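Here are a few worked exercises on how the helices and strands of one chain fit together. Keep the viewer open and try each task before reading its solution.

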Amino acid sequence: MGFNIDYISLNGSFFSKNLDRNVKFRLMAPGNYRSSEGRFPVLLMNDGQDFRAMGLEKTISESYLNKNSKPFVYVGVEANENRIHEYGTASSGDFKGRGKKAGNYSKFIIEEFIPFLKGEFKVSYEPKDWVLAGMSLGGLTAFDIVYNNAHSFSKVGVFSGSFWWRKKAYVKHDYADRSRIILDVIKNGSYHPHLKFWLQVGTLDENADRNNNGIIDAIDDTKDVIKELSLKGYSEPHAIRYVEVENGKHNLTTWGKMFPDFIKWAFKYNS
C-alpha cells in the first residue's frame with residue numbers, strides 16, 4: 001500500500017558539558033527527509049518547550065507545502081528552570097546577576113549542539129543555511145549568539161526581544177541609556193555583510209514608558225537596536241526587517257501568529 005509522509009517529528013536529549021545537564025530538543029523535518037540525498041537548512045529555536053503552545057507543528061507542516069519556501073529542519077531547544085541564568089548576553093550578566101550562564105549557553109550552541117546536529121542529521125554544513133530564533137529573553141539570546149558567531153549563522157529572528165537587558169538600573173533622564181547591554185554588543189562587534197535580522201514587537205507588548213515619550217519601551221528598545229545596527233552598516237529592508245504588530249502582545253499567541261511571516265522571510269528562495 002502506498003502512502004505519503006507529511007513530516008517527521010522526534011524528541012531527543014543531548015548532554016552538554018558547558019551546561020552540565022541534559023538538554024531536551026524537538027526536531028521536525030519534511031516528509032522527504034529520509035529519501036533526500038541533500039542536506040536541509042536549519043531553524044534553531046530557543047524555548048523549544050513552547051512548540052505546541054505556539055501551534056508550530058501546524059505552521060511548519062504547512063510551510064513544507066509552500067513551494068516558495070525552502071524546506072528546512074526545525075530544532076527547538078528546550079529551556080529548564082535555569083533559563084533566567086542560561087539566557088541573556090554572553091559578555092556579561094545583567095545588573096541583578098541574571099544571565100550568568102549565558103556564555104555557557106552560547107558555547108553549548110556553537111561548540112556542542114551544532115556539531116552534533118551536523119553529525120547526526122541531514123542538515124547543511126553551510127552557515128548561510130542556519131537560522132536562530134527566540135522569543136522575549138530567548139530572542140535577546142538568539143540575537144547575541146548570531147551577532148557574535150556570524151561564522152555559524154546567516155539570520156536571526158527575534159520576537160519581542162528583551163533588549164532592555166541592562167548592566168545597571170535605569171536612571172531617569174538618561175536619554176542615551178547605554179546601560180542596555182545589547183547596544184554595546186552591537187557597537188563593539190564586527191560587521192558581517194551576510195547577516196540579516198527579523199525583529200518583531202507588539203504595540204501591546206507592555207505598558208512601561210520609562211522616558212515618557214509616549215512610546216512603550218519594547219518598541220523604543222527594538223528601534224534603538226535597529227539604529228545601532230544601521231550605524232554598524234546594516235540597512236532596511238535588505239538586512240533588517242522590522243515587524244510591528246498592532247495590538248500584538250508579549251505572549252505565545254502573538255508570536256505563534258507571526259511565525260508564518262518569519263518562516264517566509266527566513267527560508268524564501270534567493271534570500
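Before we start: axes are lines fitted to C-alpha atoms, for helices over the stretch in contact, and angles run from 0 to 180 degrees between N-to-C directions. Helices (H or I, at least four residues) and strands (E, at least two) are DSSP runs, numbered from the N terminus. The model is predicted, so local features need pLDDT of at least 70 and side-chain atom pairs 80 or more, while totals for chains, interfaces and linings use all residues. Residue numbers run from 1 along each chain as its sequence is written, and side-chain values use heavy atoms, with hydrogens and water left out.

**Exercise 1.** Work out how helix H1 and helix H7 pack.

Start with the geometry: H1 (residues 56–63) and H7 (residues 252–267) meet at about 25°, and their axes lie 10 Å apart. The pair therefore counts as roughly parallel (angles under 35 degrees; over 145 is roughly antiparallel, 65 to 115 roughly perpendicular, the rest oblique).
Next, find the contact (heavy atoms within 4.5 Å). H1 brings Leu56, Thr59, Ile60 and Ser63, and H7 brings Gly256, Phe259, Pro260 and Ile263.
Finally, sort these residues: five are nonpolar, three polar and none charged. Here Ala, Val, Leu, Ile, Met, Phe, Trp, Tyr, Cys and Pro count as nonpolar, Asp, Glu, Lys and Arg as charged, and the others, Gly among them, as polar.

**Exercise 2.** Do the same for H5 and H6.

Helix H5 (residues 181–188) and H6 pack at about 10°, axes 9 Å apart, so they too come out roughly parallel to each other.
On the H5 side, look for Ile182, Leu183, Ile186, Lys187 and Asn188; they meet Asp224, Val225, Glu228, Leu229 and Lys232 of H6.
By class, that contact has five nonpolar, one polar and four charged residues.

**Exercise 3.** Trace the sheet: what is the order of its strands?

Walking across, you get E1-E2-E4-E3-E5-E6-E7-E8, an open sheet of eight strands with mixed pairing (two strands pair if DSSP finds at least two bridges between them).
At the edges sit E1 (7–16) and E8 (240–249), each pairing on one side only.
Ignoring direction, neighbouring strands are turned by 20° against each other on average.
Now zoom in on E1 and E2 (residues 21–30): they run antiparallel over ten bridges, and Leu10 has Leu27 in E2 as its bridge partner.
Last, add a helix: H6 (residues 217–232) packs on the sheet, touching E7 (196–204) and E8, and its direction makes about 160° with that of E7.
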